[in-house]
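Please look over the sequence and the structure below before reading on. The briefing that follows is grouped by topic, and each term is explained where it comes up.

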Amino acid sequence: MPSSPRARARLRALCGAAVLLTAGTGVPAAAAGSAPAWSVSPSAGGGTRPAQDGRPYFYAEGVPGTVLQDKVAVTNPGGRPLTVRLRGADADNTGTGALSLRTRSTDTGAWIAFARREVKIPARTRAEVPFTVTVPADATPGDHPGAVVVSANGRDFGVSVHLRVSGPTLSALTVERVRVTGGRISYDLVNRGNTVLTPRLAVRADGVLGRALDRRPRTLPVELLPGRRVTLGEPWKNTPALDSVRVRLTVTAGGGAHDEATATKRFVPWAAVAGTCAVILAAGGAAFWFVRRRRPANGGNGANGANNGKGENGANSGNHGSQEIQGSWS
């Protein structure tokens, strides 16, 4: 997208010829018995980085206050005219890291203006619709991802816009809230800088009984946009049966971004512990029942023996005593 201070005026001048028609170019084959699908792509040979063989996305770069220009190509291979509606949108990350589009645009999507928001494309025709990206004078330097969205016949098609505002850039990220639950290591990644990051993750777990896990750095399938937080996870199937481990996550990304975070987890075979406790409790209960059952019988015999001893001995003692007294009186 070449920049120019007169871009707004040129855009108004282009409104009369907003749609540049190229009949019969790039028409996809139609499936038998079905209507051919329409498609959207960046116009070949345009933008800051033109490519005659096609571009996968729009790339634009400029200083704050710049107005950048480009074109989006919409192909209608069908036999009837096609009316499409165009809008800009801000790119976003879902909570799990997938790319999505925001419903309400406040950044790049709000800076995109089309020569026409609604365009009628004749049958078997490819139309190129001009648009501009006006970078505000107070725009923050760094990456501002967005998209050009084209809608028709209940279908939306988006093409990414990679906009970079010139100025100082910072690549920074943090890994937070590391936790181990249910054979899975969960964690949050936060992009603290102003550039889009593709993180790399290494995982290591050391326990009392030795190293329990060691995964070398690998690239995550995530494009982490500036200021976004995502929650990701690592499966850990072969967890220790009995150990206390310290899990360490190391995350890196381009531009020198780096961070580490740890979490402690104790693994205890609760089923075996519960079984052992049940056996101990059962044995203790049996022993207690046995002692309680025997104690009354022993105590009763002792009391009877004592009573019998006291009765017999007392009687005997009484007899002896009376005999001695009687003998002394006679």
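**Strand 5 and its partners**

Leucine 82 has isoleucine 121, in strand 8, as its bridge partner. The model is predicted, so that local features need pLDDT of at least 70 and side-chain atom pairs count only at pLDDT 80 or more, while totals for chains, interfaces and linings use all residues. Residues are numbered from 1 along each chain as its sequence is written, and side-chain values use heavy atoms, with hydrogens and water left out. Helices (H or I, at least four residues) and strands (E, at least two) are DSSP runs numbered from the N terminus, and two strands pair if DSSP finds at least two bridges between them.

- Strand 5 runs antiparallel to strand 8, and 4 bridges join the two.
- Strand 5 is also joined to strand 10 by 6 bridges, again in an antiparallel arrangement, and here alanine 89 stands opposite alanine 147 of strand 10.
- With strand 6 (residues 99-101), strand 5 shares 3 bridges and runs antiparallel; alanine 91 has leucine 101 as its bridge partner there.
- The hairpin of strand 5 and strand 6 has 5 residues between the strands, and in it glycine 97 takes a positive phi near 105 degrees.
- Of the 12 residues in strand 5, 9 are buried, and the strand is mostly covered; buried means under 20% relative accessible area, exposed means over 50%, and partly exposed lies in between (1.4 Å probe, protein chains only).

**The chain as a whole**

- The chain contains 3 helices and 18 strands, and 37% of its 330 residues are buried.
- Taking contacts (heavy atoms within 4.5 Å) between residues at least 6 apart in sequence, 68% join residues at least 24 apart.
- The accessible surface, found by the Shrake-Rupley method with a 1.4 Å probe, comes to about 18,600 Å², and 53% of this belongs to carbon and sulfur atoms.

**Nonpolar cores**

- A nonpolar core is a set of buried Ala, Val, Leu, Ile, Met, Phe, Trp, Tyr and Cys residues joined through side-chain atoms within 4.5 Å; the largest one has 28 residues, and Val72, Val84, Leu86, Phe131, Val148, Val150 and Leu163 are those with the most contacts inside it.
- Several strands each supply at least two residues of this core, including strand 3, strand 4 (67-76), strand 5 (82-93) and strand 10 (142-152).
- Not counting residues up to four places away in sequence, valine 84 touches Val74, Arg117, Glu118, Val119, Ile121, Val150, Ser151 and Ala152.
- Another core, of 27 residues, lies apart from the largest one, and among its members are Val175, Leu201, Val203 and Val245.

**Aromatic rings**

- Rings of Phe, Tyr and Trp (its six-membered ring) pair if their centres lie within 6.5 Å, and planes under 30 degrees apart count as stacked, those over 60 as edge-to-face and the rest as tilted; by this rule there are 3 aromatic pairs.
- Phenylalanine 58 and phenylalanine 131 form an edge-to-face pair, with 5.1 Å centre to centre and 85 degrees between the planes.
- This pair links distant parts of the chain, since phenylalanine 58 in strand 3 (residues 58-62) and phenylalanine 131 in strand 9 (residues 125-134) are 73 residues apart.
- Both phenylalanine 58 and phenylalanine 131 are buried.
- Tryptophan 236 and phenylalanine 267 form another edge-to-face pair, at 5.6 Å centre to centre and 85 degrees between the planes.
- Tryptophan 236 counts as buried because its relative accessibility is 2%, and phenylalanine 267 counts as buried because its relative accessibility is 10%.
- Phe58, Phe114 and Phe131 form one aromatic cluster.

**A hairpin and two arginines**

- Strand 17 (residues 243-253) and strand 18 (residues 257-267) run antiparallel and are joined by 11 bridges, with aspartate 259 in strand 18 as the bridge partner of valine 251.
- These strands form a hairpin with 3 residues between them, and glycine 255 in the turn has a positive phi of about 85 degrees.
- Arginine 124 is not a glycine, although its phi is positive, at about 50 degrees; it is placed in the loop between strand 8 and strand 9, and it counts as partly exposed because its relative accessible area is 48%.
- Arginine 177, also not a glycine, has a positive phi of about 50 degrees; it is placed in strand 12 (residues 173-181), and it counts as exposed because its relative accessibility is 53%.
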